[in-house]
Amino acid sequence: MAPTTTQQPRTLALAILAQILSAGYFVGDVIYDLLTEEWTAPEEADLIPEALITLTLVLAIFFQVRYLRMLLQRKTALERQVSIAAGELHQVMQRHFEAWALTPAESDVALFTLKGLTIPEIAGHRGSAEGTVKSQLNAIYRKAGVSGRGALLSLLIEDLMRAPLLTGTGAIAPVQSLPGADRPLPSEPHPAKSHAGLT
């Protein structure tokens, strides 16, 4: 099983910690030898490689710490962007649902459909008959002006992608200032049509 994105930084941090302990031992050994022993020429020749290896290990730890920091910053930025995207997608869906005048039941069915659930799964979650769910899906597609799940999702994603989620400085763009956030939604059928039908 491949390591998860959460495990990777943790594993790297543990490896760095082990290297820091090892480097601490070698640095201490080199310093102790320099301060306590009287050196002959052969012993000095042995100390030079030991000191160079210790220095290399310390430098490797330094670069690994920088790499771990970069990974953690990237992970934080990605999680933040996913959170922003999820919040904005929810707002886009709510605006469309209101513009299409979906009933609360139809809104639930539309949400389950967009999450990828099948008609039997939706019926099970809602405690209703599959025929009822099919009827509600037909009403949703008719009000949205699309012919299937793919076109419905495409319509919402297209609206979401009209505006950037982050400003040029990396700050979150206010939802009310996003282009098209307050525009009325079209009532005519959406040009993107799906031929998949009900699924």
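Exposed here means over 50% relative accessible area, and buried means under 20%, with partly exposed in between. By that yardstick Tyr25, at 56% relative accessibility, counts as exposed. Keep in mind that this is a predicted model.

**The overall picture**

The protein chain comes out with six helices and zero strands, so to speak an α-α-α-α-α-α pattern when read along the sequence. The chain has 199 residues, and 27% of them count as buried. Look at contacts between residues at least 6 apart in sequence, and 67% of those join residues at least 24 apart.

**Around Tyr25, Phe26 and Thr54**

Back to Tyr25, then, and its neighbour in sequence. A pair of aromatic rings is described by the distance of the centres and the angle of the planes. By the pairing rule, the count for this model is three aromatic pairs. In one of them, the ring centres of Tyr25 and Phe26 are 5.5 Å apart and the planes sit at 75°, so the pair is edge-to-face. Phe26 has 38% relative accessibility and so counts as partly exposed.

Another pair is Phe97 with Trp100, which is tilted, with 6.2 Å from centre to centre and 45° between the planes. Here both Phe97 and Trp100 are buried.

Phe26 also turns up in the surroundings of Thr54. That threonine lies in helix α2, residues 41-99, and at 7% relative accessibility Thr54 counts as buried. Leaving aside residues up to four places away in sequence, Thr54 touches Ala23, Phe26, Val27 and Val30.

**Between α2 and α3**

Ala101 is worth a glance on the backbone side. It is not a glycine, yet its phi is positive, at about 60°. Ala101 sits in the loop between α2 and α3, and its relative accessibility of 52% makes it count as exposed.

**Helix α5 and its neighbours**

Helix α5 covers residues 130-144, which is 15 residues, and it reaches 21 Å from first C-alpha to last, close to the 21 Å expected at 1.5 Å a residue. Which residues of α5 are buried? They are Val133, Gln136, Leu137, Ala139, Ile140, Tyr141 and Ala144. These buried residues pack against α3 (104-114), α4 (119-126) and α6 (149-160).

Two of those packing partners can be set side by side:

| Helix pair | Angle between axes | Axis separation |
|---|---|---|
| α4 and α5 | about 110° | 9 Å |
| α3 and α5 | roughly 90° | within 9 Å |

Take α4 with α5 to begin with. They pack at an angle of about 110°, and that makes α4 roughly perpendicular to α5. On the α4 side the contact is made by Ile119, Pro120, Ile122, Ala123 and Arg126, and on the α5 side by Glu130, Val133, Lys134, Gln136 and Leu137. By class, the residues of this contact divide into six nonpolar, one polar and three charged.

Now α3 with α5. With their axes crossing at roughly 90°, α3 and α5 are therefore roughly perpendicular to each other. Ala105, Glu106, Val109, Ala110 and Thr113 in α3 meet Val133, Gln136, Leu137, Ala139, Ile140, Tyr141 and Lys143 in α5. The class breakdown for α3 with α5 is eight nonpolar, two polar and two charged residues. Val133, Gln136 and Leu137 of α5 appear in the contact with α4 and also in the contact with α3.

**Either end of α5**

Just ahead of α5 is Ala129, in the loop between α4 and α5. Is Ala129 buried, partly exposed or exposed? At 46% relative accessibility, Ala129 counts as partly exposed. Its C-alpha is separated by 9.4 Å from that of Ile119, ten residues away along the chain. Ile119 is also one of the α4 residues in the contact with α5.

At the other end, α5 is followed by Gly145, which has a positive phi near 75°.

**Helix α6**

How does the span of α6 fit its residue count? At 1.5 Å a residue, its twelve residues should span 16 Å, and the end C-alpha atoms are 17 Å apart, which agrees. The buried residues of α6 are Arg149, Ala151, Leu152, Leu155, Leu156, Asp159 and Leu160. Arg149 and Asp159 are both in that buried set, and α6 is one of the helices that the buried residues of α5 pack against.

Conventions: Residues numbered from 1 in each chain as written. Predicted model: local features only at pLDDT ≥ 70, side-chain atom pairs only at ≥ 80, totals over all residues. Heavy atoms only, no water. Helix = DSSP H or I, 4+ residues; strand = E, 2+ residues; numbered from the N terminus. Expected span 1.5 Å × (residues − 1). Buried < 20%, exposed > 50% of the residue type's maximum accessible area, 1.4 Å probe, protein only. Contact = heavy atoms within 4.5 Å. Axes fitted to C-alpha atoms, helices over the stretch in contact; angles between N-to-C directions. Parallel < 35°, antiparallel > 145°, perpendicular 65-115°, else oblique. Nonpolar A, V, L, I, M, F, W, Y, C, P; charged D, E, K, R; others polar. Phe/Tyr/Trp six-rings, centres within 6.5 Å; stacked < 30°, edge-to-face > 60°.
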